[in-house]
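This briefing goes through a single protein chain, moving from its overall layout to selected strands, a helix residue and the cysteines. Please keep the sequence and the structure in view while reading.

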Amino acid sequence: MTVSEEKANNKPVKMSTAQIEVQHLKRVSRIKHQILTRYLPSWATILGSAFDLLYYVDCFAGPGQYETDGEIVDGSPIIAVKAGKEFAAKNSGKKLGIVLVEDDNDQLKQLQDCLRTTLSSSSLVIQFRM
């Protein structure tokens, strides 16, 4: 079965990158990611004007990256971390805490691997939960 046939039949599609398997991005997740990309920076700016520490909680964090249309795209945790870094860079003294909840050990490990390069900012407080 080809990748496009698997997508059409709603079967999980997995692509391999250097060390991880990347799952196909479901439509509902794509919508979630679009909303986060558009509104998380604005949300942080508005609430950040009144508070020094904000928290974003993702109860279905997933593996951190997905495949869509043959490309690797960021998942919600990566989108949140990028928004948090942008918020902290624009607002000295402000922090965005990120709580990522994932109950699948394999996906949690993939998520942690994906975030290693993104966690260099000291103004982010990231917690992992199972």
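Read from the N terminus, the elements of the chain follow the order α-β-β-α-β-β-β-α-β-α-β, which amounts to 4 helices and 7 strands. The model is a predicted one, and the values below should be read with that in mind.

**Overall layout**

- The chain has 130 residues, of which 38% count as buried.
- The accessible surface of the chain comes to about 7,900 Å², and carbon and sulfur atoms account for 52% of that surface.
- Considering contacts in the chain between residues at least 6 apart in sequence, 68% of them join residues that are at least 24 apart.

**Strand β3 and its partner β6**

- Strand β3, which covers residues 53-58, is joined to strand β6, residues 95-101, by 6 bridges, and the two strands run parallel.
- Within this pairing, Val57 stands opposite Val99 in β6.
- The side chains along β3 alternate, so that Leu54, Tyr56 and Asp58 point to one face and are buried, whereas Leu53, Tyr55 and Val57 point to the other face and are not buried, with the cut-off for burial set at under 20% relative accessible area.

**The hairpin of β4 and β5**

- Strand β4, residues 65-68, runs antiparallel to strand β5, residues 71-74, and 4 bridges join the two.
- In this pair of strands, Thr68 stands opposite Glu71 in β5.
- β4 and β5 form a hairpin with 2 residues between them, and Asp69, which lies in the turn, has a positive phi of about 55 degrees.

**Leu36 in helix α2**

- Leu36 is found in helix α2, which spans residues 27-48, and its relative accessibility is 13%, so Leu36 counts as buried.
- Leaving aside residues up to four places away in sequence, Leu36 touches Pro41, Tyr56, Ser76 and Ile79; of these contacts, Tyr56 is one of the buried residues of β3.
- Leu36 and Ile79 are 43 residues apart along the chain, while their C-alpha atoms are separated by 7.1 Å.

**Cysteines and disulfides**

- The structure holds 0 disulfides.
- Cys114 has a relative accessibility of 12% and therefore counts as buried.
- Cys59 has a relative accessible area of 48%, which means that Cys59 is partly exposed, since a residue counts as exposed when that value is over 50%.

Note on methods
Residues numbered from 1 in each chain as written. Predicted model: local features only at pLDDT ≥ 70, side-chain atom pairs only at ≥ 80, totals over all residues. Heavy atoms only, no water. Buried < 20%, exposed > 50% of the residue type's maximum accessible area, 1.4 Å probe, protein only. Contact = heavy atoms within 4.5 Å. Areas by Shrake-Rupley, 256 points an atom, 1.4 Å probe, with all protein chains shown as cover. Pairing = 2+ DSSP bridges. Disulfide = S-S within 2.5 Å.
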